[in-house]
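This report covers an internal cavity, the sheet beside it in the account, and a few individual residues. The model is shown below.

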Amino acid sequence: MRELLVDAETLYTRAELHETLARTFDFAEGYGGTLDALYDELYFCGPTQLTLVHAEDLVINLGDYGELVLRVLAGAAAENEDFELIIE
């Protein structure tokens, strides 16, 4: 299982968020950088554990979009038994 770590404290824009996730997960080059594209990538990822630290900073820095990102991450973890999300 891949064990990945993302620190949300350093993510201030949508672009930074998606670039960081794409790099961390090694998404395909055609990753669209949208919430739908993020869900699709996570839904089909292999055995992966993502630890998201300072998750509250997503909401502080990105507002409603940060909340949506957290919902997408949680939804993908609920639907894909190979994807585990740890929020710290």
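In this predicted model, the largest cavity encloses about 40 Å³ of space. The structure holds one cavity of 30 Å³ or more. Its lining consists of V6, L11, L17, L21, L50, L52, L58, V69 and L73. Sorted by class, these are nine nonpolar residues, with no polar and no charged residues among them. Three elements each supply at least two residues of this lining: helix α1 (14-25), strand β2 (48-53) and helix α4 (64-79).

**The sheet**

Three strands make up an open sheet, and their order is β1-β2-β3 with parallel pairing. At the edges are β1 (2-7) and β3 (83-87), each of which pairs on one side only. From one strand to the next the twist averages 20°.

The β1 and β2 strands are joined in the parallel sense by six bridges. Strands β2 and β3 also run parallel and are joined by five bridges. Individual positions on these strands can be matched across the sheet, as the table shows.

| Residue | Stands opposite or bridges to |
|---|---|
| R2 | T48 in β2 |
| V6 | L52 in β2 |
| T51 | I86 in β3 |

V6 and L52 thus appear twice in this account: they are bridge partners, and both belong to the lining of the largest cavity.

Helix α1 packs on the sheet and touches β1, β2 and β3. The direction of α1 makes about 160° with that of β1.

**Burial of β2**

How many of the six residues of β2 are buried? Six of the six are, so the strand is largely enclosed by the rest of the structure. In a regular strand, side chains alternate between the two faces of the sheet. The two faces of β2 are both covered: T48, L50 and L52 are buried on one side, and Q49, T51 and V53 are buried on the other. Of the first group, L50 and L52 also line the largest cavity.

**Two residues in and after α1**

A22 lies in helix α1. Is A22 buried or exposed? Its relative accessible area is 19%, and buried means under 20%, so A22 counts as buried. With neighbours within four places in sequence left aside, A22 is in contact with F27 and Y31. A22 and E41 are 19 residues apart along the chain, and their C-alpha atoms are separated by 9.3 Å.

G32 is found in the loop between α1 and α2 (35-43). The relative accessible area of G32 is 53%, and exposed means over 50%, so G32 counts as exposed. From G32 to H18 the separation is 14 residues in sequence and 8.8 Å in space, C-alpha to C-alpha.

**Summary**

Helix α1 recurs through the description: this helix supplies at least two residues of the cavity lining, touches β1, β2 and β3, and contains the buried residue A22. Strand β2 likewise contributes at least two residues to the lining, and is joined to β1 by six bridges and to β3 by five.

Technical notes:
Residues numbered from 1 in each chain as written. Predicted model: local features only at pLDDT ≥ 70, side-chain atom pairs only at ≥ 80, totals over all residues. Heavy atoms only, no water. 1 Å grid on protein atoms, 1.4 Å probe; cavity = no way out; pocket = protein on both sides within 12 Å on 5 of 7 lines; lining within 4 Å. Points joined across faces, edges and corners; volume = space filled by probe spheres on them. Helix = DSSP H or I, 4+ residues; strand = E, 2+ residues; numbered from the N terminus. Nonpolar A, V, L, I, M, F, W, Y, C, P; charged D, E, K, R; others polar. Pairing = 2+ DSSP bridges. Axes fitted to C-alpha atoms, helices over the stretch in contact; angles between N-to-C directions. Contact = heavy atoms within 4.5 Å. Buried < 20%, exposed > 50% of the residue type's maximum accessible area, 1.4 Å probe, protein only.
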